[in-house]
Amino acid sequence: MDEKDELEIKEENQSPVINIALDTVKIGKQALVFVATRQSAEKAAEEIAHSLKLNNDALNAAAEEALSALARPTKQCERLASCIKGGSAFHHSGLTSKQRQLIESSFRNGTIKIICCTPTLAAGVDLPAYRAVIRDLKRFSERGDYGYGGMGWIPVLEYLQMCGRAGRPSFDNEGQAIIFADSQSEEKEVSQHYIHGEPEEIYSKLAVEPVLRTHLLSLIATGMIGNRKEMMDFFSKTFWAHQYKNLDQLESTIERILGMLREWEFISGSREDSLFVTADKIGNESNTQPQQAVRHDRVFGPSLGNDIAPEVRGMNPMKNSIKATPLGQRIAELYLDPLTAHELIIGLSKAEKWQGEIEPFKLLQLISSTLEMRPLLRVKTKELEEIQSALLEQGGSLLVEEPSMYEEKYEDFLASIKTSLFFQEWIDENDEEYLLEKYGIRPGEIHAKVENADWLLYSSVELAKILRLQKLHRTLAKLRFRVQYGAREELLPLLQLKGIGRVRARKLFNNKVKTLGDAKAADVSTLAQILGSGKLALDVKEQLGQKIEAVREGKRKGQINLADYE
DNA sequence: GGACGGTGAAACTTCAGGTTGCCTC
DNA sequence: GAAGTTTCACCGTCC
């Protein structure tokens, strides 16, 4: 729309967002409302639904579907269903993927008129929204624009992404993007910054150390880099080098990371003729020992170029002398940050020496301490005592060393304890509603966390294989299976059946069908009664009618095979 | 007079998202 | 930094 055109919206309510929502529906259109937090998205959707009061059969059906996304609806499901009944919905990462898809399709077919969302819908979606209403242009950040926390303006690029959701060519000839200002001075500022402003420059992320560590190892593992010349050739052609033009600094940082990789035995090569720099030859300036490498996404510090020993600098640049070890090769294939892999290896080696079988909690805490598991579940003020007492119960016997409570990383450590407690309760079969109430984790986030844990546990199994940590194999494989399903160990045999998840397996188990043998012995009608489905009972019988081994090998997508570890 | 409910101010709490591994229905 | 939630004091009403 031309900026000069006046957009007249009747004030039927005190909230401008609700007025716009009402107007949008009145002109027969749909809108997306972008807000800063998940909580705001839910509240805004609720208020809009309350004012719209659309209520029709299609909405009721969609609401019913939203409610039945989980075996037992959570408060979030109920809130969503109640919004949908009124004609609006909220959309954020805390919803299950089923609910997100439902909302998108109901919006696409015109049933739902308004969606209040976080940036989940800002990019890459093609929805029939005539208006993109950007209610919040400020958002909280732990590390704000200038290095300290607080509210900061969202990037212009993100604003443009949101605007781009309005008036999609496949649905409309034009669209409207609406932003808000609290005062006249803010109006001027917002207009200059967003409407007439230039989008931010894009910066290379290669300078972030975990990214560089991962890529460096992968380049070596795939054989793309074998000597200094190849290394510098490759990096000099990257966007990072193009942007910063300081190859000396890049080179010295790479040398430092190579030192770490060698120290951890992820790469090999002789010291004299390789491009390695050992840990003791570097780091004077940053005082960073490989073992204590910085955990945060850190952009390179001051150049270490002059600290590199001359004899190392003077090595043969053309000689292929650098290779990934089998361990390094596998780490690269697993896409693990080498520092994470190193920390997992230390933890797993401790676990292997544990007397008896190590408790799942300790392994869960080990994976919850990795960079890959972030963001962790934040410890709220009122939970602090409970989390600390859970930590005390472990009696200092965790696989990850506990930092002093005066250290900055102590907060993260406590968050890793809370995250592991959540995982523990998940594998003890507590449902989504309970986890939402106790840990504040929404169903969609549970799914994301479980998927991450699954990857890290799979990686741990692979590391244990290579390192010949025999004892841990089966423990880790069992734990991975339990995390995948959110189930206790006793359900593992039943979970190998297709169509049987943790809810059905629990039903069977509680009805004395505890093993595949029990299921085989039980008659179809009993199984049908327990499972509440004759078709499923027949399917289970069919699976059991095959050779048991075949059933164990078939299974679902990505499911692990316990038989491998027996 | 006590229990109960409604209201509003003050105090307190919390704060986006998504990619990667396996595998093959 | 600001929105949203919780807590608490206060007041009016009812039994």
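1. In this predicted model, the side chain of D454 reaches a base of DNA strand B: one of its N or O atoms is 3.1 Å from a base nitrogen of that strand.

2. The backbone of DNA strand B is also contacted. T118 places a polar side-chain atom 2.9 Å from a phosphate oxygen of DNA strand B. For R330, the corresponding distance from a polar side-chain atom to a phosphate oxygen of the strand is 3.4 Å.

3. In total, 28 residues lie around DNA strand B, and those that come nearest are S93, K380, N452, W455 and R480. Of the strand's atoms that come within 4 Å of the protein, 52% are accounted for by sugar and phosphate.

4. Three elements each supply at least two residues of the surface near DNA strand B: β5 (138-141), α13 (326-333) and α19 (443-466). The most is given by α19, which provides five residues. Sorted by class, this surface holds 12 charged, eight polar and eight nonpolar residues.

5. Around DNA strand C stand Q39, S40, K43, R135, F140 and M151. Their classes are two nonpolar, two polar and two charged. Helix α2 (residues 38-52) gives the most to the surface near this strand, with three residues.

6. Sugar or phosphate makes up 58% of the atoms of DNA strand C within 4 Å of the protein, while the rest belong to bases. The corresponding share of sugar and phosphate for DNA strand B is 52%.

Key:
Residues numbered from 1 in each chain as written. Chains lettered and ligands numbered in written order. Predicted model: local features only at pLDDT ≥ 70, side-chain atom pairs only at ≥ 80, totals over all residues. Heavy atoms only, no water. Near = heavy atom within 4 Å. Polar contact = N/O pair within 3.5 Å; in protein donor to acceptor, adjacent residues only side chain to side chain. Helix = DSSP H or I, 4+ residues; strand = E, 2+ residues; numbered from the N terminus. Nonpolar A, V, L, I, M, F, W, Y, C, P; charged D, E, K, R; others polar.
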